[in-house]
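Me: Let's go through this model together, question by question. Ready to look?

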Amino acid sequence: MDFELLDRYLLDGTPEKRKVVDALLKSKPPSPQAAAFLEGMRMLGARTPDLSLVALRLVLAGKQASDDAVVALKRASDEARAGGAHREEAVTRYRDLVAP
């Protein structure tokens with residue numbers, strides 16, 4: 001799976017979600033846990049919620065997509081996308097949360 005494309009979307013908002021979803025759907029699910037997310041993406045396409053993509057990213061990292069983990073990664077993603085003085089700190093936090 002193209003983690004870098006998904007990470008770029010979650011951290012920068014690019015490329016557009018449709019392209020990210022299409023690329024993810026073309027890849028082979030690396031785990032049974034990811035398969036359920038991909039099935040949802042097949043049904044929703046570009047309407048897939050960002051929160052689902054955040055949870056998928058955790059699963060792809062071999063992490064549990066617990067409520068706390070999803071909220072923490074979503075917060076880091078949102079802060080990175082917002083830019084500003086704390087962007088690099090948010091990117092580092094994001095990378096730490098998805099590190100194997």
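Me: Which residue lies over the face of Phe 3?
Reply: Quick caveat: this is a predicted model, where local features need pLDDT of at least 70, side-chain atom pairs count only at pLDDT 80 or more, and totals for chains, interfaces and linings use all residues. Residues are numbered from 1 along each chain as its sequence is written, and side-chain values use heavy atoms, leaving out hydrogens and water. A charge counts as over a ring if NZ of Lys or CZ of Arg is within 6 Å of the ring centre and within 35 degrees of the ring normal. At 4.7 Å from the centre of the Phe 3 ring, the residue is Arg 57.

Me: And what lies over the face of Tyr 9?
Reply: Here too a charge sits over the ring, at 4.5 Å from its centre. The residue is Arg 81.

Me: Which residues of α3 are buried?
Reply: Helices are DSSP runs of H or I with at least four residues, numbered from the N terminus. Buried means under 20% relative accessible area, exposed over 50% and partly exposed in between, with a 1.4 Å probe and protein chains only. By that cut-off, the buried ones in α3 are Ala 34, Leu 38 and Met 41.

Me: Why do they sit on the same side of α3?
Reply: An α-helix has 3.6 residues a turn, so residues three or four places apart point the same way. The arc is taken from the directions from the helix axis to the C-beta atoms. On the other side of α3, Pro 32, Ala 36 and Met 43 are exposed. The buried ones share a side because they cover an arc of only 55°.

Me: What do the buried residues of α3 pack against?
Reply: Contact here means heavy atoms within 4.5 Å. The partners are α2 (17–26) and α4 (50–60).

Me: Which helix gives the most to the largest nonpolar core?
Reply: A nonpolar core is a set of buried Ala, Val, Leu, Ile, Met, Phe, Trp, Tyr and Cys residues joined through side-chain atoms within 4.5 Å. This one has 27 residues, and Leu 6 and Met 41 are among those touching the most other members. α1, α2, α3, α4, α5 and α6 each supply at least two residues. With seven residues, the top contributor is α4.

Me: Is Thr 14 buried, exposed or partly exposed?
Reply: Thr 14 is in the loop between α1 and α2, and touches Arg 8 and Tyr 9, not counting residues up to four places away in sequence. Since its relative accessibility is 41%, Thr 14 counts as partly exposed.
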